[in-house]
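Welcome! Let us take a friendly walk through this structure, starting with its overall layout and ending at its ligand.

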Amino acid sequence: MKAHDGMYIGGQWRPAAGPDTIAVVNPADEQVIAHVPAGTADDVDAAVRAAREAFPAWAATPPAERAARIAALRDVLVARKDEIAETVTAELGAPLALSRTVHAGVPVLVAGSYAELAASYSFEERIGNSTVLLEPVGVVGAITPWNYPLHQVVAKVAPALAAGCTVVLKPAEDTPLTAQLFAEAIHEAGLPAGVFNLVTGLGPVAGQALAAHEGVDLVSFTGSTAVGRQIGATAGAAVKRVALELGGKSANVILPSADLAKAVSVGIANVMSNSGQTCSAWTRMLVHKNQYDEALALAAAAVAKYVPGERVGPLVNAKQQQRVRGYIEKGLAEGARLVAGGPEAPYETGYYVSPTVFADVTWDMTIAQEEIFGPVLSILKYEDEEDALRIANGTVYGLAGAVWAADAAEAVAFARRMDTGQVDINGGRFNPLAPFGGYKQSGVGRELGPHGLSEYLQTKSLQF
Ligand code: NAD
C-alpha cells in the first residue's frame with residue numbers, strides 16, 4: 001500500500017519531526033502493509049500553528065464558498081471511492097462489499113450533507129432587539145478511532161469546515177492510510193493551505209499533545225470512554241470546548257406484537273456488520289419470555305450465514321481479538337449459554353473471532369454491561385414491558401437502540417422512555433442528517449446534520 005512518510009501540514013506533505021514510525025498491519029493475513037510516521041508534540045505544534053494561521057481567512061470566507069469547497073471534497077471522495085474501499089479493507093479488514101457501500105459510501109453522503117448545510121444554514125438570527133451571530137469556534141483538534149476510519153473523520157471535519165473552523169486531525173494508529181487518502185482528497189479539492197492538517201501518531205503521544213495544546217479551541221474525540229474521560233478532564237482544566245462520542249451497549253427491544261423473524265434477523269445483521277466493531281450496535285437483544293425459545297432458534301439460523309472470512313471480516317488487531325475472546329470466556333464463566341460461536345478462533349491466521357450468540361444472559365452479567373466491540377450478541381429474556389425498560393436502561397451507556405412492535409406508535413411510546421440518544425423504530429433507515437451521540441456515559445455533544453454543525457459554532461449577541 002502507498003503511504004506518505006510525512007505529515008500533511010499547511011497544505012503540503014512535510015517530513016515528520018522525529019524518526020519513529022508505526023507499522024500498519026492487514027488484520028486478515030497479519031502482514032505489514034505500510035509504515036507511517038509516529039508524530040510527536042513538535043509535529044502537533046506545527047500543525048496547530050498552521051491551523052491558527054489559516055483560521056481568520058477561512059472563518060471570513062463566505063459560507064457559499066465554503067460550501068463549494070466541501071462539495072468539491074465530496075466529488076473527490078466519489079471519484080476515489082474504489083481506492084478508499086480497498087484501503088479500508090487492507091488496514092481494517094472489512095469485507096470489500098462493506099467497504100464499498102458503508103466505509104466509502106457513507107462519507108460521501110455526510111460530506112454532501114454539509115456542502116448543502118454550509119450554503120443554507122442561518123449563521124445569524126434575530127431574537128427580540130438582538131442579532132445573534134453564530135461564529136466558528138476556532139481551531140479544532142479531532143481525534144478519531146479505527147472502526148469507521150473515513151466516516152469518523154468526515155463526521156468531524158466536514159461540519160468543522162462548514163462552520164468556518166480549521167482542523168488538526170490525529171487518526172487512529174491502526175488506520176492511518178485512509179486518513180492520508182483523506183488529506184490527499186482535501187488537497188485535490190482545493191481547500192486553502194492550513195485549513196486541514198494531519199498528524200499521524202500514537203494516542204498517548206500525538207493525541208495527548210493535541211488535546212492539551214493551548215492553540216486548540218475545541219477537542220472533538222471519538223473513542224473509548226476511558227480515553228474520553230481523560231480528554232474531557234484535560235479540556236475542562238483548560239476551559240476548552242469538548243465533544244465526546246464514546247462507547248455503547250445498545251438494546252434491541254422486541255415487543256411481543258413485533259414481527260419476530262424480521263426483528264431477529266435485522267438484529268443479527270446489525271451486530272455482525274463490521275465484525276461487531278460499531279459503537280451503536282444493538283448488542284443486547286431483549287425478547288419476551290413467551291417468545292424466547294423461538295427467538296433463539298431464529299438467531300441460530302440467522303447467524304449461520306455470517307461466515308468469518310466471507311461476510312464477517314477479522315477484528316482490527318490481535319489485542320482486540322484477544323479482548324473479545326476474553327469476553328466470550330467470561331460470558332461462559334458467568335453462566336451464559338452459547339447458541340452459536342465460542343471463544344476459539346476460527347482460523348490460525350488473521351484476527352478472526354467466531355460470530356457468537358449467547359442465551360440465558362441476565363442484565364447484570366459482564367457481557368450485558370460492558371462494551372465488547374466484536375461479533376457477540378447477548379439475548380436476554382424479559383417478563384413484561386416494565387422489565388424490558390429496566391433492562392434496556394440498566395447500563396452506564398446510552399448511545400443507540402431499537403424497538404420493534406406491530407405499529408410505530410407502540411414502538412415510539414417505548415422509545416420515549418429509553419435513556420439513549422438514537423432509536424431505530426422497526427428497522428428505520430440510516431439518516432445522515434439525524435443527530436448522533438450519547439446519553440449518560442456514551443458522550444457529550446452530537447454529530448451529523450445541523451445539530452453536528454452547531455457544535456462548531458459559538459454565539460455572539462448584538463443588542464439594538
Ligand atoms: P481509543 O479510545 O483507544 O482511541 C481512539 C483515539 O484516541 C485514537 O486515535 C487513539 O490514538 C486516541 N488516543 C488514545 N489514547 C489517547 C490519549 N491518552 N490522549 C489522546 N488521544 C488518545 O478507542 P479505540 O480502541 O480506537 O476505539 C474503540 C472505542 O471507540 C470503543 O469503545 C467504541 O465504542 C468507541 N467508539 C465510539 C463511537 C461513537 O461515535 N460514540 C464511534 C466509534 C467508536
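Buried area is the accessible area, for a 1.4 Å probe, that two parts lose on being put together, summed over both. Keep that in mind as we look at this model, which is a predicted one.

**Two domains**

The protein chain is divided into domain 1, made of 6-246 + 442-463, and domain 2, made of 251-431. Taken over C-alpha atoms, the centres of domain 1 and domain 2 are 30 Å apart. Their contact draws 23 residues from domain 1 and 26 residues from domain 2. Between them, domain 1 and domain 2 bury about 1,800 Å², and 57% of this area is on carbon and sulfur atoms.

**Where the ligand sits**

Where does the ligand lie with respect to domain 1 and domain 2? Both domains give residues to the shell around the ligand, so the ligand lies between them.

The ligand is surrounded by 29 residues, and the closest are Lys-170, Glu-173, Ser-224, Leu-246 and Glu-371. Sorted by character, the residues of this shell comprise 14 nonpolar, eleven polar and four charged.

**Polar contacts with the ligand**

Three of the closest residues named above can be followed in the table, which gives the distance from a polar (N or O) side-chain atom to an oxygen atom of the ligand.

| Residue | Distance to a ligand oxygen atom |
|---|---|
| Lys-170 | 2.7 Å |
| Glu-173 | 2.5 Å |
| Glu-371 | 2.6 Å |

How much of the ligand does the protein cover? On its own, the ligand has 840 Å² of accessible area, and the protein covers 90% of this.

Which elements give two or more residues to the shell around the ligand? They are α8 (203-212), β10 (218-222) and α9 (225-237). Among the contributors, α8 provides the largest share of the shell, with four residues.

**Putting it together**

To find the ligand in the view, look between domain 1 and domain 2, since both give residues to its shell. From there, Lys-170, Glu-173 and Glu-371 are among the closest residues to look for.

Definitions and conventions: Residues are numbered from 1 along each chain as its sequence is written. This is a predicted model: local features need pLDDT of at least 70, side-chain atom pairs count only at pLDDT 80 or more; totals for chains, interfaces and linings use all residues. Side-chain values use heavy atoms; hydrogens and water are left out. A residue is near a molecule or strand if one of its heavy atoms lies within 4 Å of it. A polar contact is a pair of N or O atoms within 3.5 Å; within protein, one must be able to donate a hydrogen and the other to accept it, and residues adjacent in sequence count only if both atoms are side-chain atoms. Accessible areas come from the Shrake-Rupley method with a 1.4 Å probe; for residues, only the protein chains shown count as cover. Ala, Val, Leu, Ile, Met, Phe, Trp, Tyr, Cys and Pro count as nonpolar, Asp, Glu, Lys and Arg as charged, and the others, Gly among them, as polar. Domain bounds come from an automatic or database domain assignment. Contact means heavy atoms within 4.5 Å.
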